[in-house]
Each structure stands twice: as C-alpha cells, then as structure tokens.
Amino acid sequence: MSRLATTILLFGFLLFILFWRLDEPSGPLSRTRMLMGTVVEIRVDDPEPERFRDAVTAAFDEMARIERLMSLHLAKSEVSRISRAGEPVEVSAETATVLRTALKVSVASDGAFNPGLGRLIRLWGFTDGEPRVPSKMEIEEALVGIGPESLTLEDGKLFKSDRSITIDLGGVAKGYAIDRAVEMLSAAGVKHASVNAGGDLRLLGDRDGTPWRIGIQHPRKKDAVLATLSVADRAVVTSGDYERFFEQAGRRYHHILDPYTGYPAERCQEVTVVADSAALADALATAAFVLGPEKGLELLQKTEKVEGLIVAADGQVVFTSGLQEIVQWP
Ligand code: AMP
Ligand code: MG
C-alpha cells in the first residue's frame with residue numbers, strides 16, 4: 001500500500017472514531033450544590049441534557065432563594081421577621097403557601113407537627129450553636145401557648161395567639177424548595193430529572209421509560225438499604241432519628257421534637273413518605289415520626305394519594321396498603 005493510501009486510511013479511521021464518539025448518547029447531567037445544610041444533587045436524564053445546564057443552575061438558585069426566605073437561622077429571612085413581629089403580620093404569598101401546608105398537617109396530626117416550635121428548637125440548639133439538653137423548666141416555658149390552634153392564616157396575614165411564638169418551617173421548607181426546583185426544570189422543558197436533597201427527593205417523569213428505583217436508608221445500618229421503591233413523578237421524603245443528633249451523658253438526642261413533651265420524639269426510628277409534592281411528604285414524614293407507628297400510619301393512610309413506611313422504635317416496620325405495589329425488600 002502506498003504511503004498516501006495508508007495516510008488516507010488512517011485519517012478516515014480517525015474521522016470515523018470522532019463521529020462515532022459524537023453520535024454516542026451522552027450520559028445524564030448531574031450537578032451538586034451545598035444547600036440547606038446538605039448536598040443537593042440535580043440530575044437530568046433527558047437526551048442531550050447539556051442544553052439544560054442553565055435550567056439546572058436556575059433551579060439551584062431558586063432553592064437558595066427559598067433557604068434565604070424561610071430559614072430560622074438567618075436573621076433577615078422572612079420567617080425570622082414574622083417570628084419577631086407581634087400582631088397580625090403580612091406574609092408573602094409563597095411563605096403563606098408553605099404555612100398552609102404546615103398548618104394543614106398540624107391539624108391533621110393533632111399538633112404532632114407544629115410550625116410554631118421555633119422557640120423549643122432554638123432552646124435545644126439545633127438551629128445554631130451548641131446543642132444541649134435544656135432544663136425541665138426551660139422546656140415547659142418554651143411550650144407555653146404553642147398548641148395547634150395558636151397560629152392562623154387569613155387573607156395573607158398570620159395571627160399568633162402569643163407574640164413569643166417563633167415560626168420554624170424546618171420540617172417542611174426543604175420539601176418546598178425541592179418542589180420549586182422541579183417546577184423550574186419542568187417549565188424549562190425537562191422531562192426526566194431528579195432533585196435530591198440529602199435523600200429527600202422528587203422525581204420529574206420516569207427514568208427513560210422505567211420507574212426510578214429509590215433506596216430507603218436503613219435507620220440502624222449505615223450505607224445499607226432498608227427497601228427500594230419504584231416510583232415516577234413523585235416525591236419521596238424521609239425523617240429519621242439518625243439524621244441530626246448529639247450525645248450528652250451517654251444518651252442520644254435527635255432533632256425531631258415531640259410538641260407534647262418538649263423532648264425528642266421516641267416512637268420511631270424512621271418514616272418515609274411518598275406523595276405528589278415534596279412539601280407535603282416532608283411535613284407528613286415529620287408528623288408521622290412524632291405520632292409513632294399506630295397513629296402515624298393512620299395519618300398516612302387517611303391522606304389521599306400518599307403512601308408511606310414507618311420503622312417503629314423497636315425496629316418493626318409498618319406501611320400503608322398501597323406501598324405494597326411499589327416496594328421491593330432486599
Ligand atoms: P425533618 O427532618 O423534615 O423531619 O424536620 C426536622 C426539622 O423540623 C427540625 O430540624 C426542626 O427544625 C423541625 N421540627 C422538629 N420537630 C418538629 C415538629 N414536631 N413539628 C414541626 N417541625 C419540627
Ligand atoms: Mg419533614
């Protein structure tokens with residue numbers, strides 16, 4: 001073969017490799033950002049996901065905006081402002097939406113979920129500073145006037161029965177931020193995506209024609225899966241006693257507080273809720289965690305289009321009837 005022919009052949013081969021590589025479908029686009037005290041991953045599974053790069057950035061920015069609006073740790077947040085305010089205080093339409101979800105779950109759970117728990121949560125030091133076990137007297141003081149009827153929302157105004165009630169949306173706002181990120185991606189034309197904030201997530205569409213398979217963290221075995229769920233277009237949110245805790249005098253104290261006792265809720269290890277919206281799933285998971293396996297399961301069962309699984313304090317697992325269709329055990 002002449003030298004020219006060899007060169008042409010080699011060149012042709014290189015061109016073939018180049019076009020073959022270009023033609024190969026690219027994998028999903030996955031990006032992470034540190035937000036709301038956890039790692040958030042947004043993954044786009046559409047064909048040519050690179051064209052949604054800006055949409056992913058916008059979705060992250062939206063979650064950061066919601067964190068600034070609804071965080072109890074930030075003095076300038078709207079939640080901090082309405083917590084400081086006295087009598088009926090105007091709230092933005094957006095915060096009102098999240099408060100409505102919180103108040104709905106508060107009523108449905110007989111106050112086990114309580115968005116007015118900010119004073120107690122601060123007292124335990126879960127929002128900032130050093131966590132510590134408060135004295136009995138401090139706890140009793142922080143619980144005064146915080147029943148489920150102490151907050152009402154009317155015409156965009158929040159009424160507090162007591163000026164000192166401090167709003168904490170920590171059990172629902174992360175879910176709302178996930179919902180908003182998914183809505184932004186959907187509005188940008190994304191059809192298949194997941195927004196995962198430290199294990200709390202919502203899925204947009206399915207994953208290339210098949211359901212997404214979501215592992216539920218085992219509450220007592222690190223890096224082990226308790227069960228797997230096959231879901232599409234839904235939110236899956238988990239509350240667990242292993243997520244945030246501190247130890248004092250050999251005892252473990254976690255961040256989900258029972259508004260009836262003022263101490264960490266003791267009836268569950270973990271609750272996972274599946275719902276259309278992550279905000280609702282988030283609030284329900286926290287509520288069911290406080291209520292425990294019997295009443296918690298009742299709450300999940302009676303809420304429409306919601307499924308869930310509860311690991312009781314003794315390790316027993318109970319779940320809603322509809323979960324059977326989507327759960328796989330290891
Ligand atoms: P989650 O991880 O969604 O279960 O929410 C826990 C967070 O919600 C805590 O860090 C607190 O900010 C807040 N929280 C704790 N206990 C309750 C409760 N009983 N009702 C409402 N919010 C709570
Ligand atoms: Mg929650």
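User: Which backbone oxygen does the side chain of H254 reach?

Analyst: This is a predicted model, and in it the side chain of H254 reaches the backbone oxygen of A265 at 2.8 Å. The side chain of H254 also reaches the backbone nitrogen of I256, at 3.2 Å.

User: Where does H254 lie, and is H254 buried or exposed?

Analyst: H254 belongs to strand β12, which covers residues 251-254. To judge burial, one compares the relative accessible area with a cut-off: under 20% counts as buried. H254 has 8% relative accessibility and is therefore buried. Beyond its neighbours within four places in sequence, H254 is in contact with F126, D241, R244, F245, P264, A265 and F289.

User: How should I begin reading the protein as a whole?

Analyst: One may begin with the overall inventory. The protein has 330 residues, of which 51% are buried, and its secondary structure comes to 9 helices and 16 strands. The C-alpha trace spans about 95 × 45 × 40 Å along its principal axes. Contacts can also be sorted by separation in sequence: among those between residues at least 6 apart, 59% join residues at least 24 apart.

User: Which residues have the most contacts inside the largest nonpolar core?

Analyst: The general idea is that in soluble globular proteins nonpolar side chains tend to be buried together. Here the largest nonpolar core has 85 residues, and L169 and L185 have the most contacts inside it. Helix α8 gives the most to this core, with 12 residues. Apart from this core lies another, of 16 residues, including L203, I214, L229 and V311. As for L169, setting aside neighbours within four places in sequence, its contacts are M70, V79, T95, V98, L99, A102 and P115.

User: How many residues of α8 are buried, and how far apart are its end C-alpha atoms?

Analyst: An α-helix has 3.6 residues a turn, so residues three or four places apart point the same way. In α8, 14 of the 14 residues are buried, so this helix is largely enclosed by the rest of the structure. The length can be checked as well: at 1.5 Å a residue, the 14 residues of α8 should span 20 Å, and the end C-alpha atoms are 20 Å apart, which agrees.

User: What is found at the two ends of α8?

Analyst: At the N-terminal end S277 acts as a cap, with a side-chain oxygen 3.3 Å from the backbone nitrogen of A279. Just after α8, G292 takes a positive phi of about 95°.

User: Which residues supply the protein donors of the magnesium ion?

Analyst: To read a metal site, one lists the donor atoms and then asks where their residues lie in the chain. For the magnesium ion (ligand 2), the protein donors are G171 (O), D282 (O), D282 (OD) and T286 (OG1), at 1.9 to 2.5 Å from the ion. G171 and D282 link distant parts of the chain, being 111 residues apart: G171 is in the loop between β5 (157-160) and α7 (173-187), whereas D282 is in helix α8 (residues 278-291). Both G171 and D282 are buried.

User: Which residues come nearest to ligand 1?

Analyst: Of the 18 residues around ligand 1, the nearest are D168, S239, L257, D282 and T286. Polar atom pairs add detail. An oxygen atom of ligand 1 is 2.7 Å from an N or O atom in the side chain of T286, and a nitrogen atom of ligand 1 is 2.8 Å from a polar backbone atom of L257. The side chain of R244 has an N or O atom 3.3 Å from an oxygen atom of ligand 1.

User: Where are D155 and D233 found, and what is the phi of each?

Analyst: For these two residues, one reads the backbone angle together with the setting. D155 is found in the loop between β4 (151-154) and β5; its phi is near 45°, a positive value in a residue other than glycine. D155 is exposed, with a relative accessible area of 79%. D233 lies in the loop between β9 (225-231) and β10 (235-240), and the phi of D233 is near 55°, a positive value in a residue other than glycine. With a relative accessible area of 46%, D233 is partly exposed.

Key:
Residues numbered from 1 in each chain as written. Chains lettered and ligands numbered in written order. Predicted model: local features only at pLDDT ≥ 70, side-chain atom pairs only at ≥ 80, totals over all residues. Heavy atoms only, no water. Donors = N, O, S within 2.8 Å, 3.2 Å for Na, K, Ca; no water. Helix = DSSP H or I, 4+ residues; strand = E, 2+ residues; numbered from the N terminus. Buried < 20%, exposed > 50% of the residue type's maximum accessible area, 1.4 Å probe, protein only. Core = buried A, V, L, I, M, F, W, Y, C linked by side-chain atoms within 4.5 Å. Contact = heavy atoms within 4.5 Å. Expected span 1.5 Å × (residues − 1). Polar contact = N/O pair within 3.5 Å; in protein donor to acceptor, adjacent residues only side chain to side chain. Near = heavy atom within 4 Å.
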